[in-house]
Amino acid sequence: MKYLCQVWFDSGILDAMTQEEKTELDINSLNYDKDLVESGHMIVAQALQPPKSAVTLRVRNGEMSVTDGPFAETKEALGGFILIEAKDLNEAIRVAAGIPLARFGAIEVRPIHEFAAK
């Protein structure tokens, strides 16, 4: 079964890190991604640009509106995601617990809804 591991964290924590700490976190994250590939869990992983680079789109009554920035001001923002394959939720949680940014934020693990082919 596929699970989306959403990586949420306060960017202020990263801003407060030294360059050496950021480099170590990047190396640890890339190494963990490699471990997930080797174990067969990895489908895809991507880091996201900061929330200030986002736009929010809405379509209401056929009219589109676009605003700069995220939908809401929050302390934690979505910083990236890892799509994994796991036999069940317990295994997905175990895999998500190894994500290095889990030490600084939160990892939301959510099963992917598979639509039946028609």
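**Exercise 1.** Find where proline 51 sits, and decide whether it is buried, exposed or partly exposed.

*Solution.* Start with the place: proline 51 belongs to the loop between S2 and strand S3 (55-60). We're working with a predicted model here. Next, take the relative accessible area, which is 29% for proline 51. Now bring in the cut-offs: buried means under 20%, exposed means over 50%, and partly exposed is in between. So proline 51 counts as partly exposed. One more check on its surroundings: the C-alpha atoms of proline 51 and glutamate 76 are separated by 9.9 Å, with the two residues 25 apart along the chain.

**Exercise 2.** Work out the strand order of the open sheet, and say which strands are at its edges.

*Solution.* Begin with a pair: strand S1 (residues 2-9) and strand S5 (residues 77-85) run antiparallel to each other and share eight bridges. Within that pair, tryptophan 8 faces leucine 78 in S5. Then fill in the rest: four strands make up the open sheet, ordered S2-S5-S1-S6, with antiparallel pairing. Strand S2 (42-47) and strand S6 (106-111) each pair on one side only, and that makes them the edge strands. As for the twist, it averages 20 degrees from one strand to the next.

**Exercise 3.** Which strands does helix H2 lie across, and which does helix H3 touch?

*Solution.* Take helix H2 (residues 19-39) to begin: it lies across S2 and S5, and runs at about 165 degrees to S2. Then move on to helix H3 (residues 89-97), which packs on the sheet and touches S1, S5 and S6. The direction of H3 makes about 155 degrees with that of S6.

Technical notes:
Residues numbered from 1 in each chain as written. Predicted model: local features only at pLDDT ≥ 70, side-chain atom pairs only at ≥ 80, totals over all residues. Heavy atoms only, no water. Pairing = 2+ DSSP bridges. Helix = DSSP H or I, 4+ residues; strand = E, 2+ residues; numbered from the N terminus. Axes fitted to C-alpha atoms, helices over the stretch in contact; angles between N-to-C directions. Contact = heavy atoms within 4.5 Å. Buried < 20%, exposed > 50% of the residue type's maximum accessible area, 1.4 Å probe, protein only.
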